[in-house]
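Here are a few exercises to work through with the model open beside you. Try each task before you read its solution.

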Amino acid sequence: MNQDTLRRGPPPRKTSRSFPKIVPLPGGLYAERKRCNRPNCRCASGGEALHGPYLYRRWVEDGRLRRQYVKAANADRVREGLAEWRRLHPPARSARELIAELRWLFRQVEMEEV
Ligand SMILES: [Zn+2]
């Protein structure tokens with residue numbers, strides 16, 4: 001095997017390994033600002049003096065609202081996961097839309113039968 005053969009080999013697939021697959025995540029990302037309730041802390045005056053913002057992902061699981069702290073360094077990855085979940089789970093159409101569509105389809109059938 002000479003140098004030319006080596007150079008013509010398949011290109012290294014480094015990219016796919018350095019970008020792990022996005023994990024779909026339900027829910028949304030929310031920022032919270034907090035009061036620690038220590039009487040002499042700056043946060044007692046509220047507004048911009050509050051602690052944070054801290055990021056949390058909130059989602060519903062088994063009918064219960066769940067909350068998970070998200071480190072700022074992980075915020076972008078969590079956002080990608082949330083977007084991926086929404087892509088995989090488009091919002092269900094409302095019952096009213098479905099009924100309207102069924103009525104429309106039913107009319108089409110009637111028209112064909114006449
Ligand atoms: Zn405080």
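Among contacts in the chain between residues at least 6 apart in sequence, 46% join residues at least 24 apart; two residues are in contact if their C-beta atoms, placed from the backbone, lie within 7 Å. Keep in mind that this is a predicted model: local features need pLDDT of at least 70, side-chain atom pairs count only at pLDDT 80 or more, and totals for chains, interfaces and linings use all residues. Residues are numbered from 1 along each chain as its sequence is written.

**Exercise 1. Find which elements the chain has, and in what order they run.**

Step 1: Count the elements. You should get four helices and three strands. Both are DSSP runs, numbered from the N terminus: helices are H or I with at least four residues, strands are E with at least two.

Step 2: Walk from the N terminus, and the order reads α-α-β-β-β-α-α.

Step 3: Check burial. Of the 114 residues, 3% count as buried. Buried takes 20 or more other C-beta atoms within 10 Å of a residue's own, exposed takes 12 or fewer, and partly exposed is in between, with C-beta atoms placed from the backbone.

**Exercise 2. Work out the strand order of the sheet and the sense of its pairing.**

Step 1: Start with strand 1 (28-34) and strand 2 (51-61). Six bridges join these antiparallel strands, and two strands pair if DSSP finds at least two bridges between them. One pair to look up is Lys 34, whose bridge partner in strand 2 is His 51.

Step 2: Go on to strand 3 (64-70). Strand 2 and strand 3 pair over seven bridges, again in the antiparallel sense. Here Trp 59 stands opposite Arg 66, and Glu 61 stands opposite Arg 64.

Step 3: Put it together: an open sheet in the order 1-2-3, with antiparallel pairing. Strand 1 and strand 3 are the edges; each has a single partner strand, so one side of each has no neighbour in the sheet. On average, neighbouring strands are turned by 40° against each other, direction ignored.

Step 4: See what lies across the sheet. Helix 3 (residues 75-88) lies across strand 1, strand 2 and strand 3, and runs at about 140° to strand 1. Axes are lines fitted to C-alpha atoms, for helices over the stretch in contact, and angles run from 0 to 180 degrees between N-to-C directions.

**Exercise 3. Look at the backbone of Asn 37, Asp 62 and Pro 53: what stands out?**

Step 1: Asn 37 has phi near 70°, a positive value in a residue other than glycine. Asn 37 sits in the loop between strand 1 and strand 2 and is exposed, with 8 other C-beta atoms within 10 Å.

Step 2: Asp 62 also has a positive phi, near 55°. The hairpin of strand 2 and strand 3 has two residues between the strands, and Asp 62 takes its positive phi there. Asp 62 is exposed too, with 5 other C-beta atoms within 10 Å.

Step 3: Pro 53 lies in strand 2. The peptide bond from Gly 52 to Pro 53 is cis, with omega near 5°.

**Exercise 4. How many residues separate Val 23 and Glu 84 in sequence, and how far apart are they in space?**

Step 1: Find Val 23 in the loop between helix 2 (14-18) and strand 1. Val 23 counts as exposed, with 11 C-beta neighbours inside 10 Å.

Step 2: Compare the two distances. The residues are 61 apart in sequence and 7.6 Å apart in space, C-alpha to C-alpha.
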